[in-house]
Amino acid sequence: MIDGHCVLCEAIRLRNDSWIAAWEPFPVNIGHMKIIPLRHDATLFDLAEKEEREFWLILKQAKEYLDSSLGSHRPDGYNLGVNIGEAAGQTIAHLHIHLIPRYKGDVENPRGGVRNIKPVLVSW
């Protein structure tokens, strides 16, 4: 907490009974958000029916929030991203789903989706 402000709580933009949507602290594009279940040990494959329903609701709300709040940076499209398990690149042991706004011209050729947002970070 800095001067009575919690940086994590201030990042939260939406909430329902099962999920929060918050600004991504390391965004790959303007408006990048994380959608995070309140149940800490949840994985995408272990969600309860209520959590699944409420995920789709908060996802739609997050998209509407971004569409209306980013002004001249209104997204032209979106990518969703989720890594499940260390072998898939998950580095935080708490399910979170990235909602990444995309913009015409943010990369030269958007084919391949999120693969082309950032330069290659892993060498083989």
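1. Accessible area here is the Shrake-Rupley value obtained with a 1.4 Å probe. On that basis the protein chain of this predicted model exposes about 8600 Å², of which carbon and sulfur atoms supply 56%. Of its 124 residues, 35% count as buried.

2. Confidence should be considered before any detail is used. The mean pLDDT of the protein chain is 86, and 84% of its residues reach 70 or more. By element, the lowest mean is found in helix H1 (residues 7-11), at 74, and the highest in H2, at 96. Where pLDDT is low, predicted coordinates should not be read in detail.

3. As to the overall arrangement, the protein chain holds 2 helices and 5 strands. Their order from the N terminus is α-β-β-β-α-β-β. Of the contacts between residues at least 6 apart in sequence, 55% join residues at least 24 apart.

4. Helix H2 deserves a geometric check. It comprises 21 residues (residues 49-69), and at 1.5 Å a residue the expected span is 30 Å; the end C-alpha atoms lie 30 Å apart, so the model agrees with the expectation. Just after H2, Gly71 adopts a positive phi of about 55°.

5. Which residues of H2 are buried? They are Glu51, Glu54, Phe55, Ile58, Leu59, Ala62, Leu66 and Asp67. The buried residues of this helix pack against strands E1 (12-15), E2 (19-23), E3 (33-37), E4 (77-81) and E5 (97-102).

6. The largest nonpolar core contains 17 residues, and those with the most contacts inside it are Trp19, Ala21, Ile35, Phe55, Ile58, Ala62 and Leu99. Two or more residues come from each of E2, E3, H2 and E5. H2 gives the most, with 5 residues. For Phe55, leaving aside neighbours within four places in sequence, the contacts are with Trp19, Ile35 and Ile97.

7. A search of the whole structure finds 7 salt bridges. One of them joins Arg39 and Glu51, with the closest N and O atoms 2.8 Å apart. This pair links distant parts of the chain, since Arg39 sits in the loop between E3 and H2 while Glu51 belongs to helix H2, 12 residues apart. The two partners should be classed separately: Arg39 is partly exposed because its relative accessible area is 31%, whereas Glu51 counts as buried because its relative accessibility is 8%, the limit for burial being under 20%.

8. A further salt bridge forms between the side chains of Asp67 and Arg74, at 3.7 Å from N to O. With a relative accessibility of 12%, Asp67 therefore counts as buried. Asp67 is also listed among the buried residues of H2.

9. Arg102 and Asp106 likewise meet through their side chains in a salt bridge, at 2.9 Å from N to O. Is Arg102 buried or exposed? Arg102 is buried, because its relative accessible area is 8%. Asp106, at 26% relative accessibility, counts as partly exposed.

10. Finally, Asp17, Lys50 and Glu54 are linked in a network of salt bridges. Glu54 is one of the buried residues of H2, a helix whose mean confidence is 96.

How values were computed
Residues are numbered from 1 along each chain as its sequence is written. This is a predicted model: local features need pLDDT of at least 70, side-chain atom pairs count only at pLDDT 80 or more; totals for chains, interfaces and linings use all residues. Side-chain values use heavy atoms; hydrogens and water are left out. Helices (H or I, at least four residues) and strands (E, at least two) are DSSP runs, numbered from the N terminus. The expected span of a helix is 1.5 Å times one less than its number of residues. Buried means under 20% relative accessible area, exposed over 50%, partly exposed in between (1.4 Å probe, protein chains only). Contact means heavy atoms within 4.5 Å. A nonpolar core is a set of buried Ala, Val, Leu, Ile, Met, Phe, Trp, Tyr and Cys residues joined through side-chain atoms within 4.5 Å. pLDDT is the predictor's confidence in each residue, from 0 to 100. A salt bridge is a side-chain nitrogen of Lys or Arg within 4 Å of a carboxyl oxygen of Asp or Glu.
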